[in-house]
Amino acid sequence: MATASLALNEATEVLRPGSEDEAVEAFGDGKDVLVVGGGTIVVADLTYRRVQPARALLLRDAGLAGISRDGSRVTIGATTPLEELVDLPAPIGPCAANVADREIRGAATVGGNLCAGEGVEAPRGDLQGALIAAGATVRSAGEGGIAEEPLEDFLPKRGGRLLLSVSYEEPAAGAFAALDRPHTHDYTTMAVSGARAADGTIRLAATGTGTHGVRLPSAEGGDAQAVLNDVTPHDDALASAWYRRKVLPVLVRRVLDELKGAA
Amino acid sequence: MKVVGARIPRYDGVAHVTGRTTYVDDVRIPGTLWAKALRSPHHHAGITKLDTRPAEEMPGVHAVITWEDVPHLVYGHLEALGIPADEPLLAKDEVRYKGQPIALVAAENEELAVEAVSRIEIEFEERPALLDVRKAFDEDAPEIHKEGNWYRHFENEMDRRQIRKGDIAKAFEQADTIVQGVYRPAAIEHAPLETQVCQVVPEANGRLTIYSCTQALYFSMGVIAAHLQVPLNKLKVVGGTTGGGFGGKVDTATETMCCLLAMKSGKPVKWRWTREEEFLCSSTRAPWHMEIADAVTKDGWILGRKMLTLHDAGAYSRFSPYGLTKHSFHHTGAYTIPNLEFDGYVVYTNRVPTTAMRGFGVTSVSFATETHMSRVADVLGVDPIEIRLKNANRIGDTSPNGIVYTDPSTVSTIQTIAEAIGHELPADYRTMTSEPRSGEWLPEHLVAQTANPEDH
Amino acid sequence: MNLTVNGVSHEIESDLLTPLLDVLREELGITGPKAGCHQGGCGACTVLVDGEPRRSCLVPIAYVDGGEITTVEGLGTPEELSPVQQAFVHHYAAQCGYCTSGMMLAAQAYVAGGGTHDTEAIQEALGGHVCRCTGYSKIVEAVAAAARGDEFDLTETAVGKYTTMTTGGAE
């Protein structure tokens with residue numbers, strides 16, 4: 001039988017680390033290495049020849065999956081499938097449940113979602129918003145060694161880092177509101193996540209307003225319309241900038257109201 | 001009726017649920033080469049250089065074809081209906097839409113085929129593109145079709161599909177109000193689950209076995225034979241198993257080119273479009289621009305209709321004149337409007353050529369007619385269901401192109417709908433029938449309706 | 001590496017990053033799963049990986065080393081249709097048939113996982129699958145029927161050389 005040599009740059013070296021240490025070492029400084037979590041984004045990129053890496057790092061068996069708790073601190077391993085998050089409290093649970101469909105969620109990983117590239121005309125990285133709202137920090141490897149930093153600081157350099165885990169303090173209350181298209185599975189056009197910490201502080205974040213998820217500090221005081229100071233929405237195949245500007249304050253309002261109403 | 005309403009076997013039902021249906025992509029023939037196309041990246045451009053030798057010389061590449069390999073390059077799908085041929089199978093000297101195929105390669109695997117395409121040397125000289133049908137008529141519009149920017153071969157070489165019926169001027173004079181509307185449905189991609197795909201095997205006896213996903217097997221056979229200049233008995237088309245078509249698989253979009261590659265390489269060839277090609281390069285349902293002005297009375301009679309339709313054919317004619325013709329015959333929908341002035345144009349743009357899709361030509365005008373009817377009701381303050389019943393086709397009424405209705409079902413259909421949605425109708429509307437008009441349903445303007453309209 | 005498909009073990013020669021879909025179709029000649037989009041958007045390629053429905057166009061073959069794959073061919077044969085297959089035949093849930101393989105494997109996993117006949121739950125479970133022909137309602141009816149454990153008399157709908165069964169039913 002013929003082999004299926006349809007899609008691949010045969011020169012790609014495939015690495016399958018069996019532990020976090022092996023993964024970190026294989027990743028090195030991240031240059032010309034394609035990280036494969038669940039494959040739900042990058043395998044299509046390979047098929048369509050959008051990427052032709054020298055090395056591919058298959059992470060699934062490196063022991064990086066799982067959700068653990070230490071008191072109120074939740075830590076999620078990089079290769080945890082999104083489907084394992086759907087029952088978590090808002091904003092993370094509903095945010096994860098809103099991604100694609102269960103077949104994709106069963107394979108797609110938290111790390112792959114957070115590190116999703118700018119995806120021409122295809123917004124990804126929904127969890128960036130929910131986890132920024134939850135005040136999450138990211139543990140990652142790459143040039144300079146292992147570092148831990150807030151998710152907002154990690155995101156601009158996510159292309160050069162290997163995400164190992166993400167952790168956050170369980171919020172006292174959370175909310176999630178999304179602008180979706182009327183299909184059962186689709187890309188989330190835009191979404192707002194909110195979390196109220198134990199001390200009452202509100203954090204808001206959005207995805208679908210730019211190249212990655214962002215915090216929305218201007219609206220955290222309760223003025224939903226002020227959110228437009230924090231973002232410059234764009235035109236793409238899913239929605240126009242104009243429409244995003246109209247809808248974003250509405251989503252913010254819903255999230256703020258839900259946080260206020262929550263116990 | 002023995003079949004309608006009965007439970008009968010789907011002849012392919014068991015095959016579908018057991019994975020035994022053999023679609024074109026499932027056919028397995030040892031030694032089959034993979035085909036890939038070089039496609040235009042421009043909406044409109046001249047080709048100033050085309051050199052396929054770097055691809056031909058690649059190891060693993062068995063054939064490369066361009067327009068020079070096509071025995072009969074320009075063949076019209078509906079030449080038999082009088083629509084002149086205008087579309088080359090493969091681009092020659094110019095490209096008129098983004099995605100237009102220029103050359104194809106057949107190689108031992110998909111990877112090699114993609115690489116070979118990238119090695120073809122091609123240079124373009126970009127030209128201004130026309131993408132808006134409304135601008136086609138401007139003095140300074142770019143000329144994008146050798147015949148001008150709209151089709152000129154309706155009967156008597158008219159440049160539009162024209163219908164004239166009754167006395168439109170009088171209708172507009174007598175109207176209490178004129179209600180206008182503009183309707184612009186966008187293109188729709190058929191998006192069948194199975195993309196365009198074809199496999200061709202060159203047989204030792206000189207025939208070609210063509211595994212095709214076409215919806216129109218004998219039609220496609222004729223198109224292939226015409227391009228290849230071979231008798232029909234040289235072609236064995238294996239078809240009838242299609243993973244969805246909806247009108248998008250009547251264009252014979254892959255078969256002829258696969259035949260040429262198979263003939264040139266002497267080997268079986270398969271060409272399977274990616275989903276991206278399917279969305280970006282395959283033909284779609286056309287976008288339409290329709291302007292309607294109805295002359296109406298305050299009690300809801302439609303005395304006359306003026307209508308202008310611009311049909312976006314994309315870069316080439318294909319079936320568009322035929323679609324527009326059907327559209328024109330149905331431009332009053334389920335309603336009788338005795339005075340008509342309809343003009344429809346098949347306009348060329350630098351977009352993917354448009355094609356049939358379920359209800360070809362007519363869904364657009366149904367949408368426009370029904371929406372407009374509701375608009376008229378709204379403007380007049382008349383009940384939207386009553387206005388439809390009032391103007392509904394009856395036995396003896398005539399269509400825009402003069403066909404006498406012998407058994408229209410508009411009245412009973414609308415009455416049924418009204419009942420189903422709980423919409424109460426006055427007694428005379430409830431007892432209305434499709435019988436020839438009389439009494440209150442025969443206003444003066446309908447007494448004189450002509451049965452032989454002037455139309456082209 | 002090694003892969004078991006519908007109970008049969010295979011040694012795989014394709015490169016490790018090759019999508020499972022292409023290994024199945026091109027290397028092994030198992031053509032039940034279809035290449036609808038090769039990017040996870042349509043569900044026509046769905047197979048069961050160790051019982052879980054996954055888009056085979058997105059699974060690198062390395063990730064199923066030693067795994068068990070079920071394709072539509074493994075659900076049942078014309079002589080012995082599984083309940084989900086019977087339901088699809090009985091409810092005319094296939095027209096062109098291109099989405100059918102993926103739909104049924106998703107349905108199989110749903111029913112095997114205890115899914116009910118609730119319409120919304122079915123729509124959610126099969127939400128990743130596109131059908132351009134049927135409008136989905138008969139597919140949902142078929143899945144609901146399978147979830148309920150309906151019995152089917154297929155003599156009217158599946159008459160043919162291979163189909164002589166008169167009753168079906170859930171396992």
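Let me begin with a term I will need straight away: two strands are said to pair if DSSP finds at least two bridges between them. What you have in front of you is a predicted model, and I will take chain B to start with, then turn to chain C.

With that term in hand, strand S2 of chain B, which covers residues 45–51, pairs with S6(B) in the antiparallel sense, and the pairing runs over 6 bridges. If you would like one position to look for on the screen, take Leu50(B), whose bridge partner in S6(B) is Ile122(B). These strands belong to an open sheet of 3 strands in chain B, ordered S4-S2-S6, with antiparallel pairing. Which strands are at the edges of that sheet? They are strand S4 (94–95) and strand S6 (121–126) of chain B, each of which pairs on one side only.

Staying with chain B, let me move to a pair of helices, H10, residues 384–391, and H11, residues 410–420, whose axes come within 9 Å and cross at roughly 165°. Because angles over 145 degrees count as roughly antiparallel, that crossing makes H10(B) roughly antiparallel to H11(B). The crossing of H10(B) past H11(B) is left-handed. On the side of H10(B), the contact is made by Ile385(B), Arg388(B) and Leu389(B), while H11(B) contributes Val411(B), Ile414(B) and Ala418(B). Sorted by class, this helix contact has 5 nonpolar residues, no polar ones and 1 charged residue.

Now to chain C, where the domain assignment gives domain 1, residues 2–74, and domain 2, residues 76–171. Taken over C-alpha atoms, the centres of these two domains of chain C are separated by 21 Å. How many residues of each domain are in contact with the other? In chain C, 16 residues of domain 1 are in contact with 12 residues of domain 2. On the domain 1 side, the elements that give two or more residues are strand S3 (46–49) and S4 of chain C, and S3(C) gives the most, with 3 residues. That side of domain 1 divides into 8 nonpolar, 6 polar and 2 charged residues.

Finally, chain C also touches chain A, in a contact that takes 31 residues from chain C and 31 residues from chain A. On the chain C side, the elements giving two or more residues are helix H1 (20–27), strand S4 (52–55) and helix H4 (119–125). By class, the side of chain C that touches chain A has 13 nonpolar, 10 polar and 8 charged residues.

Definitions and conventions
Residues numbered from 1 in each chain as written. Chains lettered and ligands numbered in written order. Predicted model: local features only at pLDDT ≥ 70, side-chain atom pairs only at ≥ 80, totals over all residues. Contact = placed C-beta atoms within 7 Å. Helix = DSSP H or I, 4+ residues; strand = E, 2+ residues; numbered from the N terminus. Nonpolar A, V, L, I, M, F, W, Y, C, P; charged D, E, K, R; others polar. Axes fitted to C-alpha atoms, helices over the stretch in contact; angles between N-to-C directions. Parallel < 35°, antiparallel > 145°, perpendicular 65-115°, else oblique. Left-handed = near helix turned anticlockwise from the far one by under 90°. Domains from an automatic or database assignment.
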